[in-house]
Amino acid sequence: MSAHYCPKCGQRTFTSQDNNCYQCSHCQFEVFRNVAAAVGGILVYQQHVLLVKRSKAPATGEWDLPGGFVNPDESAEQALRRECREETGVDPGESLQYLGAWPNQYPYKTLVYPTMDIFFAAELHNKPACEVDNSEVSGFSWRPLSDCAELKLAFPSAQQALSRYLSLSQ
């Protein structure tokens with residue numbers, strides 16, 4: 001374990017025994033490295049699920065579910081609606097059904113963020129015209145649910161959510 005600089009006193013005495021609670025042995029300052037909340041959506045229209053192709057790291061070029069991080073003062077449902085609109089132009093509506101939550105790791109530059117990824121499913125009544133946001137996604141696909149059992153997604157948590165959805169919809 002290496003020591004880091006304490007944000008309070010500046011000494012190189014900031015360490016952690018469990019990679020969660022960091023303490024300074026000089027001034028006793030303590031901080032917790034809590035998980036970040038993220039959301040993902042399984043948006044289904046006539047037995048087809050909407051997938052997005054990631055345009056930036058991590059997992060550039062891989063298929064994923066629409067979603068992203070939850071902002072402060074935002075519910076998971078609000079975050080999912082915002083992320084879906086930003087990434088695809090699709091509004092999943094008010095009928096989001098909680099599917100489950102899985103821990104994940106999100107590598108970003110030199111950090112790895114521990115996340116808790118919260119997933120919802122929504123049945124869409126009309127097939128939306130998707131608009132690609134090239135800053136986050138480079139494409140999208142409506143994949144038949146029958147073809148999704150062997151599909152590899154960008155993150156293990158999304159894979160688990162899709163598997164759960166598929167098992168519930170049989």
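Strands here are DSSP runs of E with at least two residues, numbered from the N terminus. Keep that in mind for the exercises below, and remember that this is a predicted model.

**Exercise 1. Get an overview of the chain: list its elements in order and describe its overall extent.**

Start by counting: the chain has two helices and ten strands. Next, walk along from the N terminus, and you'll read β-β-β-β-β-β-β-α-β-β-β-α. Now put a box around the C-alpha atoms along the principal axes; roughly 60 × 30 × 30 Å will do. Finally, check the inside and the outside. Of the 170 residues, 42% are buried, and the accessible surface comes to about 9700 Å², with 50% of that belonging to carbon and sulfur atoms.

**Exercise 2. Work out how strands E8 and E9 are joined.**

Find E8 at residues 97-108 and E9 at residues 111-123. The two pair in the antiparallel sense, over eleven bridges. For one of these partnerships, pick Tyr106: its bridge partner in E9 is Tyr113. Then look at the turn of the hairpin, where two residues sit between the strands. Lys109 takes a positive phi there, near 55°.

**Exercise 3. Compare the span of helix H1 with the expected one, then find out what covers its buried residues.**

H1 covers residues 76-88, which is 13 residues. From first C-alpha to last, H1 reaches 18 Å, close to the 18 Å expected at 1.5 Å a residue. Now go through the buried residues of H1: Ala76, Ala79, Leu80, Arg81, Arg82, Glu83, Cys84, Glu87 and Thr88. As you look at that list, it helps to know that an α-helix has 3.6 residues a turn, so residues three or four places apart point the same way. The cover over the buried residues of H1 includes strands E4 (36-45), E5 (48-54), E7 (67-69), E9 and E10 (137-144). One last step takes you just past the helix: Gly89 follows H1 and has a positive phi, near 80°.

**Exercise 4. Decide whether Gln47 is buried or exposed, and find its contacts.**

First, locate Gln47 in the loop between E4 and E5. The cut-off for exposed is over 50% relative accessible area. Gln47 has 52% relative accessibility, so Gln47 counts as exposed. For the contacts, leave aside the neighbours within four places in sequence; Gln47 then touches Arg143, Pro144 and Leu145. To finish, try His26, which is 21 residues from Gln47 along the chain. The C-alpha atoms of Gln47 and His26 are separated by 59 Å.

Conventions. Residues numbered from 1 in each chain as written. Predicted model: local features only at pLDDT ≥ 70, side-chain atom pairs only at ≥ 80, totals over all residues. Heavy atoms only, no water. Pairing = 2+ DSSP bridges. Helix = DSSP H or I, 4+ residues; strand = E, 2+ residues; numbered from the N terminus. Buried < 20%, exposed > 50% of the residue type's maximum accessible area, 1.4 Å probe, protein only. Areas by Shrake-Rupley, 256 points an atom, 1.4 Å probe, with all protein chains shown as cover. Expected span 1.5 Å × (residues − 1). Contact = heavy atoms within 4.5 Å.
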